[in-house]
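This report describes selected features of a predicted model. It treats strand pairing, helix packing and the surroundings of the ligand in turn.

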Amino acid sequence: MIHSVNPYNNEIIKSYQEISDIELQNTLERMQLEFENWKTQPFSFRSSLMKKAAEVLRKKKEEYSKLMTLEMGKPIAQSRAEIDKCAWVCDYYADNAEKFLADEIVQTDATKSFVTYQPLGVVLAVMPWNFPFWQVFRFAAPTLMAGNVGILKHASNVSGCSIAIEEVFSEAGFPEFVFKSVILSSSRVKDLISNPIVQAVSLTGSVPAGKSVASVAGSHIKKTVLELGGSDPYVVLEDADLSEAVQTCVNSRLINGGQSCIAAKRFIAVKEVYDKFTEMYVDFMKQKKMGDPFDESNDIGPQASVKLRDELHEQVLRSFNAGSKILLGGFIPDMKGAFYPPTVLSDVKPGMAAFDEELFGPVAAIIKAEDEDDAIRLANQTVFGLGAAVFTKDLKRGEKIAKEKLNAGSCFVNQFVRSDPRLPFGGIKESGYGRELSVFGIREFVNIKTVSIK
Ligand code: NAP
């Protein structure tokens with residue numbers, strides 16, 4: 001059985017029976033059959049269903065928001081915003097998929113040559129719990145619009161969301177086997193990837209999960225897109241608007257209880273502003289309230305589970321023992337749920353857990369740099385490369401740093417890194433490869449086919 005546990009009170013919400021091997025095989029075979037039909041449907045048909053999926057999401061926003069908050073503890077206002085964003089990505093690909101995948105004529109010696117984008121078949125999505133709806137919809141909207149069919153193995157602690165997402169597509173009128181959620185433990189993902197019906201895999205999750213999935217898929221020569229962890233650096237230069245920088249840095253660190261791959265994690269301030277930045281950071285962080293995620297006055301709820309909370313605390317302790325200072329938080333509160341308070345570590349240096357590892361929770365690591373070059377060197381001194389930001393009033397300077405110097409998939413100036421359906425999203429190094437969203441996302445799971453006619 002797979003249990004969904006409410007992290008606010010550690011009580012089991014519901015237990016789920018895993019799908020049997022026979023049922024799974026049957027589902028895959030039905031999906032394979034459905035693919036032969038779905039891929040022949042015109043874009044206008046697929047698009048009308050995807051628009052309906054957006055309508056279902058908007059209509060049932062409150063129900064789905066509550067489910068997310070219940071299963072993983074995200075503040076309810078952030079759950080509502082997540083559902084709105086899912087509806088947006090459905091509309092976006094409903095409106096743009098045909099244009100993104102239109103045939104492209106290429107002049108050659110032949111009578112006619114062109115590039116065409118053809119769907120691959122059954123695509124597996126292995127997804128995390130932190131944005132239970134968004135991660136799935138940003139996979140599903142482009143993948144289904146391209147003519148593929150999708151099978152979802154969601155994180156075990158959000159099985160309720162997994163089932164609800166399948167319902168969105170079914171209520172929108174999608175044929176039954178275009179999108180299926182299956183409840184199974186991660187130990188069975190290997191067999192699923194190896195199944196000859198599965199053509200490709202998209203995984204969003206941790207680096208260990210990414211390595212495992214990519215190696216199994218690689219041994220079967222199946223395409224993967226990996227969206228993995230991050231330790232995003234935010235560089236604060238001496239000419240930054242400190243008040244704006246502090247607010248943005250704190251808010252980015254705390255979004256989703258700090259459990260976001262693109263949450264800012266390391267704050268690198270040059271020495272001229274380090275002390276002031278640190279003082280203002282702690283003051284602003286102190287104002288953030290932790291508590292019941294259904295109470296809209298709270299900024300953060302519990303962490304997703306006690307196990308993850310305890311792992312986070314252990315990283316804080318290791319950083320402290322290695323010489324960083326704890327300026328705020330840094331303890332396990334006397335509360336029933338998986339709570340961890342907003343925490344600020346200063347004097348963080350390479351070699352400490354807070355610098356080298358991903359801290360998936362409301363813990364900020366503040367780092368001192370000598371100057372711009374040193375700050376950029378420290379920012380890039382990581383195995384990750386998902387997002388990065390720089391704060392400066394000189395927009396030309398900021399643009400040059402974002403474009404040429406910071407090594408990450410998304411580099412922002414004077415704002416926090418966020419995903420947007422119109423812009424590609426993904427990482428380099430151990431943050432993964434491939435891109436989601438925009439025109440790039442929809443071209444990941446297609447055969448980019450050359451046709452040439454003499
Ligand atoms: P996780 O433990 O890696 O789990 C992600 C998914 O992979 C779950 O469905 C999980 O199933 C499955 N899984 C775990 N180990 C596996 C394995 N060895 N083989 C196959 N599947 C496996 O990650 P998480 O704790 O849910 O999510 C947090 C991580 O995701 C963080 O590192 C975060 O940075 C990253 N993330 C990245 C992005 C991005 O876009 N780059 C976005 C969000 C999150 P079970 O739940 O059944 O174990």
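Strand β15, which spans residues 387-391, pairs with β16 in the parallel sense, and four bridges connect the two. One position in this pairing is Ala388, whose bridge partner in β16 is Cys411. Both strands belong to an open sheet of seven strands, ordered β12-β13-β14-β11-β10-β15-β16, in which the pairing is mixed. The edges of this sheet are taken by β12 (325-328) and β16 (410-413); each has a single partner strand, so one side of each is left without a neighbour in the sheet. From one strand to the next, the twist averages 20°.

Helix α13 (residues 372-380) packs on this seven-stranded sheet, where it touches β10 (232-236), β11 (264-270) and β14 (363-369). The direction of α13 makes about 160° with that of β11.

A second open sheet consists of three strands in the order β3-β4-β18, with antiparallel pairing. Here β3 (104-105) and β18 (446-453) are the edge strands, each pairing on one side only. Strand β4 covers residues 112-119 and is joined to β3 by two bridges, the two strands running antiparallel. Within this pair, Ile105 stands opposite Phe114 of β4.

How do the axes of helices α2 and α5 cross? Helix α2 (residues 43-59) and helix α5 (residues 134-145) have axes that come within 10 Å and cross at roughly 160°. Angles over 145 degrees count as roughly antiparallel, and α2 and α5 are therefore roughly antiparallel to each other. On the α2 side, the residues that meet α5 are Phe43, Arg46, Ser47, Met50 and Leu57. Their counterparts in α5 are Phe137, Ala140, Ala141, Leu144 and Met145.

The ligand is surrounded by 28 residues, of which the closest are Arg138, Ser156, Ser206, Leu228 and Glu358. Polar contacts of ligand oxygen atoms are listed below, with the protein group involved in each case.

| Residue | Protein group | Distance to a ligand oxygen atom |
|---|---|---|
| Met127 | polar backbone atom | 2.8 Å |
| Ala155 | polar backbone atom | 3.3 Å |
| Ser206 | N or O atom in the side chain | 2.5 Å |

On its own, the ligand has 890 Å² of accessible area, and the protein covers 85% of this. Ser206 thus appears twice in this account: among the closest residues to the ligand, and through its side chain, with an N or O atom 2.5 Å from a ligand oxygen atom.

Key
Residues numbered from 1 in each chain as written. Predicted model: local features only at pLDDT ≥ 70, side-chain atom pairs only at ≥ 80, totals over all residues. Heavy atoms only, no water. Pairing = 2+ DSSP bridges. Axes fitted to C-alpha atoms, helices over the stretch in contact; angles between N-to-C directions. Contact = heavy atoms within 4.5 Å. Near = heavy atom within 4 Å. Polar contact = N/O pair within 3.5 Å; in protein donor to acceptor, adjacent residues only side chain to side chain. Areas by Shrake-Rupley, 256 points an atom, 1.4 Å probe, with all protein chains shown as cover. Parallel < 35°, antiparallel > 145°, perpendicular 65-115°, else oblique.
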